[in-house]
Amino acid sequence: MTLTYHLQIVNLLAALLLLISFAMLSQRRIVGLVTLFAWQGAALALSTAIVAWSTDQHHLYYSAAITLVLKVVAMPWYFYRLVRKLDVNRVVEPMINIPTTMLIGIVLVIFAFNLALPISEMSGTVTRSTLGIALACVLLAFLMMITRSKAIPLVIGFLAMENGLFFAATSATYGMPLVVELGVALDVLVGVFVLGIFIFQIRETFDSLDLKHMEKLKER
Amino acid sequence: MTNGFSSYFADPVQWAWAGVMFWLVLGFAALLLQGSQRLLTRLVFPLGALGALAIAGVGVAGMLLPVSTVVLPIGLPDLPFHLRLDALSAFFMVLLGGAAFGITVYASGYFRSMAAGPLALLALWYHLFLAGMVTVLLADDAYAFMVAWEVMALSSYFLVTTDHKIPEIRRAGFLYLLIAHVGAISLLLTFGVLQGGHGDYTFDTMRLAERTPFWASAAYLLALFGFGAKAGLVPMHVWLPEAHPAAPSPVSALMSGVMLKTAIYGLLRVTFDLLNIQIGWWGTLALALGLITALYGVIFAAVQSDMKRLLAWSSIENIGILLAAFGLTLIFYTDGKGALAALTLTAMLYHALNHAFFKGLLFVGTGSVLHATGERNMGRLGGLMRFMPWTAWLTLVGALAIAGLPPLNGFVSEWLLLQAFLLTPGLTQPYLNMVIPVAAAIVALAAALAAYVMVKFYGVVFLGQPRDPALHHAHEASWPERLGMLWLAAGCVLLGLFPTQVIVWLEPVVRMLTGQTLPSGSSWLLLTPVSAERASYAPLIFFAVVVGVLLLTILWVRRVYHGRVRRSDPWDCGYPEQDARMQDSAEGFGQPIRQIFEIFMRVERETPDPFSRSPRYHGASLDKLWFILYEPIARVAGWLSEQAGRLQHGRIQWYLIYSFATLIFLLVFTTR
């Protein structure tokens, strides 16, 4: 099957998403992490817009616009401000060293591709080949959440996971209904604000953003 | 019911609901009256009592009027409360209202010594409890039933833990709450099975549903377990002897006299009304469980030394008798013996009504003793008849009634039940024919032991000499307390003197459940449940003879015998000095029973050293079931939660790994 020109661009952007996911896994600095997150959002918004243009699905334009506003502009700005305000130690120490994390990440990508193969055969969309990448992005973001012990990278990992899900929805079924997407966007926004407040509280209580201190909260 | 206010209260079910609303409003109004203890005891509780009387009146009307239903605009969207008042609900409403009237009048006197703040809260729970119980009786869909059931359970939990600063009371409350909720889960499952996949939880649809014997049996067993947990069926009885002593006496009286009956109501409702088929072995099971409960209850009642604990165990015994009657009804009913089923059911309903009155009376009687002396332990009471004659004489009525002595009410229902047992040779199943005489013997034994228990209770608390010098200052109960007890005692006497009238009045319920009524051979004077040749009982004549003999004896002694009053020390043979400590004690009186039935108990005894300066004796007979059934369950539950607690590291990364592993697992295994 020969791909049309714009589909090739979508595939390229998908590859870029995966690459950024890996970059996030290996990034040690929080500010760099936020920048990467913004780039990932931008790639996502662009690919959604191209899918919308090539398949004539109008509601995807709105999705792309929401993504652009929320994930490329609003949230990175909020995070930059948070990092500056909290004046946190800007180097993230991962719990597992980075080469090992990358190796685990590669295994996850292979797993995701294997998993997506039968599903994408069933799907009827032009973008079905990118489903594996979307799944891989979700799993990589999850891996990032597991390996970081600071609060802000955890929140960014959570948002990156949402990016992956969004991409999966776009590639498998041309996105979720607009109402659902609006709901999810609102949830993410509120979630980030709540987490932001939590981060301040955590710092006030433990004088650090390291979540290791929260171990004390368990029973006994 | 849509056109205007006047027709809104046209049906008895709406009057009943108005009563419930009245109690709810009264309960919340009590919260606003926190400042005034006077208003709470002199206004709120008497008004609550009037509400109870009104509910009883609605019940009497409901027995005679046709079935009425109403759909209330409350509840969840698309899931309104359905209420229905039929003869069965109406009968239990009379039971509830009648007993609750006396108990609430009593409560208005009993709580006068309580501070206003806690009392306002107690008044709220008290009226919520009453409202919850009536709504349980009225509910016509599973949702309303469960909501009302939980209101009843939770409000009574808060009533039990009124003195929540005492650790034992908190423990008793927890045990009650736990067993109430295990039972409630079972009831929820019962209704789940009953709705049978229709997704419609109204009782109307459940009545129409066709079920296989398997599912019907499942529903029945779940209901037996769930209602049994509330009623105190062995082995779910452990909360009763803990919760009753913990609760204030009017609350114990309500819980024992009325709340346990809502479980009996539920069992009747599910078995005879909601289930489309009944199976014979259900009855055999209920009969066996009931007999075990009755015997177990009465044995433990005999060895108690705390008077409220004794009464709690006696409630377990009475629930056992009710359940045995229920089982026998089912056996007769499924065997096609409608008339005998009607007789047994009449006996059961009669006994439920009697128990509400006499157990309510005895519990409030212990309340007065507790107020006057501050003592629940029978080992420190005694001789109270001289200081509290009202309480003593009225409690005597209750004690004689529960002991099953004619002409009081306890005799009538037990006599009817034994009549029913004696008629079992008519059954078609030969092995039941052989076993049921043994069952009749157990019922007779339980009744006899109940009398023994009452002799112990009354004798140790009210007769003899005071075991403690402080008892000389015991004060008599207040007037509202006396009035409440008088009402309950009058109930015991009247229910005993006019059984034929009561049985005729019970007919709508019996006809509704068994489709038959008793043969109408009885006249107003003579009760003949089967036929005049077989057995008959004339309570009024009996009463007249008793009174006559009593008067003649007094006359004889005063006038004819020697015509003078001689004062001397009685029973002075060989004991020149008599001491209160020489009297038979509660432990001593129960000892023969303890010796015979020691296998059911764990006896803890601490005897004093003969040379001790301050000798101390401590003895307790504990329920062995607690140790062989409940403690292992508690240990297993503790161990399991400890294991589950290991998953809790407190490290967010580990929690994320749990989700991650679950996600990977699901992805791998659900795509295959």
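**Two helices, a long span and a serine**

Okay, let's start in chain B: helix α3, residues 87–110, packs with helix α18, residues 499–514, at an angle of about 140°, and the axes are 8 Å apart. That angle makes α3(B) oblique to α18(B), because the roughly antiparallel label is kept for angles over 145 degrees. Keep in mind that this is a predicted model. The crossing of α3(B) past α18(B) is left-handed.

So who's touching whom? From α3(B) you have A87(B), L88(B) and F91(B), and from α18(B) there's L506(B), P508(B), V509(B), M512(B) and L513(B). Sort that contact by class and you get eight nonpolar residues, with no polar and no charged ones.

Next up, helix α13 of chain B, residues 338–373. It has 36 residues, and at 1.5 Å a residue it should span 52 Å; the end C-alpha atoms are 52 Å apart, so the two agree. How many of the 36 residues in α13(B) are buried? The count is 32, so to speak of α13(B) as mostly covered is fair, given that buried takes 20 or more other C-beta atoms within 10 Å. Then, just after α13(B), G374(B) has a positive phi of about 70°.

Last stop, chain A. S54(A) sits in helix α2, residues 30–55. Buried or exposed, or somewhere in between? S54(A) has 16 other C-beta atoms within 10 Å, so it's partly exposed. Leaving out residues up to four places away in sequence, S54(A) touches H6(A) and L7(A). And look at H6(A): it is 48 residues from S54(A) in sequence, yet C-alpha to C-alpha they're 7.1 Å apart in space.

Notes
Residues numbered from 1 in each chain as written. Chains lettered and ligands numbered in written order. Predicted model: local features only at pLDDT ≥ 70, side-chain atom pairs only at ≥ 80, totals over all residues. Axes fitted to C-alpha atoms, helices over the stretch in contact; angles between N-to-C directions. Helix = DSSP H or I, 4+ residues; strand = E, 2+ residues; numbered from the N terminus. Parallel < 35°, antiparallel > 145°, perpendicular 65-115°, else oblique. Left-handed = near helix turned anticlockwise from the far one by under 90°. Contact = placed C-beta atoms within 7 Å. Nonpolar A, V, L, I, M, F, W, Y, C, P; charged D, E, K, R; others polar. Expected span 1.5 Å × (residues − 1). Buried ≥ 20, exposed ≤ 12 C-beta atoms within 10 Å, placed from the backbone.
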